[in-house]
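Trainee: I would like a close look at a single part of this chain, the hairpin and what surrounds it. Could you take me through that part slowly and then set it in its wider context?

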Amino acid sequence: GRQGRTLRLDEQGRLPGDEKTRLQEWCQANGTVDIKYVIVAEDGPDHDKHFTSAVLIEGIEAGRGEGRTKKEAETAAAHAALHRMEE
């Protein structure tokens, strides 16, 4: 089952990584260019790492995501931020 609201792919089956581009485009369209991704947690042994990333828009946390790689966690964070903005 799904854990919280972290999705591996979005409902349209878009590829991971797409969200970061979409978030950047959405922010640019709204006059914001200051987007930063930070890894806020890193758990697990080397062969089975688990990352939690936050995305900050103009210094304010807009979403969090989790994944097995930093990129996956950042993608999930972008997805969460987009989901929140689109509501």
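Mentor: In the hairpin formed by E1 and E2, 6 residues lie between the two strands, and Gly 44 takes a positive phi near 90° there. The model is a predicted one, and what follows should be read with that in mind. At the start of this turn, Asp 43 in E1 has His 50 in E2 as its bridge partner, and further along the pair Tyr 37 is bridged to Val 55 of E2. Altogether 8 bridges join E1 to E2, and the two strands run antiparallel. As background, the strands of a sheet pair through backbone hydrogen bonds, in either a parallel or an antiparallel way.

Ala 41, which lies in strand E1, is a useful residue from which to look across the hairpin. Leaving out residues up to four places away in sequence, Ala 41 touches His 50, Phe 51 and Thr 52. With Ala 54, which is 13 residues away along the chain, the C-alpha separation of Ala 41 is 9.4 Å. As for its surface, Ala 41 has a relative accessibility of 25% and therefore counts as partly exposed, since that class lies between the limits of 20% and 50%.

The hairpin belongs to an open sheet of 3 strands, ordered E1-E2-E3 and paired in antiparallel fashion. E1 and E3 are the edge strands, each of them pairing on one side only, and the twist from one strand to the next averages 20°. At the E3 side of the sheet, Gly 67 is found in that strand, which covers residues 60–67. Gly 67 counts as buried because its relative accessibility is 0%, where the limit for burial is under 20%. The C-alpha atom of Gly 67 is 5.4 Å from that of Phe 51, although 16 residues separate the two along the chain.

Between E2 and E3 there is a loop, and Glu 58 is found in it. Glu 58 is not a glycine, and yet it has a positive phi of about 50°. With a relative accessible area of 51%, Glu 58 is exposed, because the cut-off for that class is over 50%. Another positive phi, of about 80°, is taken by Gly 31, just after H1.

That brings us to the helices that accompany the sheet. H1 lies across E1 and E2 and runs at about 145° to E1, while H2 packs on the sheet, where it touches E1, E2 and E3 and makes an angle of about 135° with the direction of E3. The 12 residues of H1, numbered 18–29, should span 16 Å at 1.5 Å a residue, and the C-alpha atoms at its ends are 17 Å apart, so the model agrees with that expectation. Within H1, the residues Glu 19, Leu 23 and Cys 27 are buried. They are on the same side of H1, because they cover an arc of only 70° around the axis. The general reason is that an α-helix has 3.6 residues a turn, so residues three or four places apart point the same way. The cover over the buried residues of H1 includes strand E1, strand E2 and helix H2, which ties this helix back to the hairpin strands.

Two of these residues of H1 reappear in the largest nonpolar core, which has 9 residues: Leu 23, Cys 27, Val 55, Ile 57, Ala 62, Ala 77, Ala 78, Ala 81 and Leu 82. H1, E2 and H2 are the elements that give two or more residues to this core, and H2 gives the most, with 4 residues. One of the core residues, Ala 77, is in contact with Ser 53, Ala 54, Val 55, Gly 63, Arg 64 and Gly 65, leaving aside its neighbours within four places in sequence.

Seen as a whole, the chain has 2 helices and 3 strands, which follow the pattern α-β-β-β-α when read along the sequence. Buried residues make up 32% of its 87 residues. Among the contacts with a separation of 6 or more, 34% are between residues 24 or more positions apart.

Key
Residues are numbered from 1 along each chain as its sequence is written. This is a predicted model: local features need pLDDT of at least 70, side-chain atom pairs count only at pLDDT 80 or more; totals for chains, interfaces and linings use all residues. Side-chain values use heavy atoms; hydrogens and water are left out. The expected span of a helix is 1.5 Å times one less than its number of residues. Buried means under 20% relative accessible area, exposed over 50%, partly exposed in between (1.4 Å probe, protein chains only). The arc is that of the directions from the helix axis to the C-beta atoms. Contact means heavy atoms within 4.5 Å. Two strands pair if DSSP finds at least two bridges between them. A nonpolar core is a set of buried Ala, Val, Leu, Ile, Met, Phe, Trp, Tyr and Cys residues joined through side-chain atoms within 4.5 Å. Axes are lines fitted to C-alpha atoms, for helices over the stretch in contact, and angles run from 0 to 180 degrees between N-to-C directions.
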